[in-house]
Amino acid sequence: MNRIINADEHPDDPSPPTQPLKAAQRRFVVPDQVWGERLDKHLALCLPEHSRGRLQGWIEKGHVHVNDQPQTKVRYRVSGGDVIVAHLQPGEESLAYGPEKVAFEIVARTDHWLVINKPVGLVVHPGAGNWGGTLLNGLLFIDADLSVVPRAGIVHRLDKDTSGLMVVARTITAQTHLVRQLQARQVHREYVALCHGHIQSPQLSVDQPIGRDARVPVKMTAQRPVAPKEALTHVSRKRLGLLDGQRVSEIVCRLETGRTHQIRVHLASLGHPLVGDVLYGGQPLGLASRQMLHARALGFEDPETAQTQAFECDLPSDMATVLMQTQWLESGA
């Protein structure tokens with residue numbers, strides 16, 4: 001049994017980061033022929049490398065001075081001779097790869113890898129709209145050496161609202177080894193899920209390529225996908241039941257490939273979207289406020305010893321509650 005360690009209590013937490021450097025400044029004198037031009041519009045002409053929305057944010061937060069006075073109104077009118085000083089602020093994306101204290105459980109650790117239990121709501125990797133507070137930021141906080149490993153050692157991902165087990169490499173050698181295992185389909189990944197409808201077959205496999213949905217960029221699809229990639233999911237039916245008067249099935253999914261939203265897309269393609277997965281046609285039944293999907297088991301070969309490592313973790317409380325709410329009719333085995 002592997003002891004659960006809370007990342008917030010890790011004894012090797014680094015000291016707080018040093019204070020950021022003072023923001024750079026740019027100074028402009030408004031040309032004599034300008035009269036009554038909006039501050040944000042004029043600043044956009046002076047700093048075309050920054051979006052107007054970003055410049056408006058700087059103004060509203062007092063980072064732009066006009067004639068030595070902070071000006072927080074984007075509609076303020078400037079005229080010839082006015083002196084504008086903009087205190088350039090780093091974009092959110094520039095902070096993406098900094099250490100931050102983020103809560104998650106460390107299930108097991110060696111000098112070469114970590115196995116973590118990702119909670120619901122935690123984004124794995126920084127991106128648009130989520131430049132901070134991600135798992136990557138948390139990994140850099142508990143292990144500064146991960147800064148020299150690509151993607152802080154992350155070799156596979158879970159969706160924001162999917163919980164469960166992930167392996168993280170602590171060295172470049174371990175990362176290379178684990179990525180090769182994933183490519184060779186040698187990593188065991190098992191998920192428990194709750195989907196709409198009663199799945200008729202006790203065992204089935206979905207072998208459908210997945211790619212971007214041409215109409216909805218945030219979605220993946222198995223129907224006329226853009227740049228499709230091979231995707232294979234094995235599904236085992238466990239129990240059939242009723243939740244809020246609607247038919248549901250508890251299933252276990254095993255991945256051979258790891259495409260974005262793979263389980264969600266494949267089940268939706270069968271007409272059995274996950275309960276709570278509104279992006280792919282599911283509905284929030286009972287107390288389900290997110291897609292009912294949990295990575296409960298993980299197995300891989302230790303990059304250093306070549307021994308098989310296997311881990312399991314319990315369902316998160318919200319999903320366990322939804323399963324308890326369900327009226328089970330029969331075993332699916």
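In the predicted model, helix α1, which spans residues 39-46, has L39, D40, H42, L43 and C46 among its buried residues. These positions cover an arc of only 160 degrees around the axis, and they therefore lie on the same side of α1. The elements against which the buried residues of α1 pack include the strands β2 (25-29), β3 (37-38), β4 (64-66), β6 (77-78) and β7 (83-87), together with the helix α2 (52-60).

A separate part of the structure is an open sheet of three strands, arranged in the order β14-β13-β15 with antiparallel pairing. Because β14 (220-221) and β15 stand at the edges and each has a single partner strand, one side of each is left without a neighbour in the sheet. The antiparallel pairing of β13 with β15 runs over two bridges, and R212 has V226 in β15 as its bridge partner.

The largest pocket encloses about 1200 Å³ of space. Its lining comprises 39 residues, of which R157, D159, G258, R259 and T260 are the closest to the pocket centre. Two or more lining residues come from each of the helices α4 (172-183) and α5 (262-269) and from each of the strands β11 (188-196), β13 (210-212) and β15 (226-229), so that β13 and β15, which pair with one another in the sheet, also both contribute to the lining of the largest pocket. By residue class, the lining of this pocket divides into 16 nonpolar, eleven polar and twelve charged residues.

How values were computed:
Residues numbered from 1 in each chain as written. Predicted model: local features only at pLDDT ≥ 70, side-chain atom pairs only at ≥ 80, totals over all residues. Heavy atoms only, no water. 1 Å grid on protein atoms, 1.4 Å probe; cavity = no way out; pocket = protein on both sides within 12 Å on 5 of 7 lines; lining within 4 Å. Points joined across faces, edges and corners; volume = space filled by probe spheres on them. Helix = DSSP H or I, 4+ residues; strand = E, 2+ residues; numbered from the N terminus. Nonpolar A, V, L, I, M, F, W, Y, C, P; charged D, E, K, R; others polar. Pairing = 2+ DSSP bridges. Buried < 20%, exposed > 50% of the residue type's maximum accessible area, 1.4 Å probe, protein only. Arc of directions from axis to C-beta. Contact = heavy atoms within 4.5 Å.
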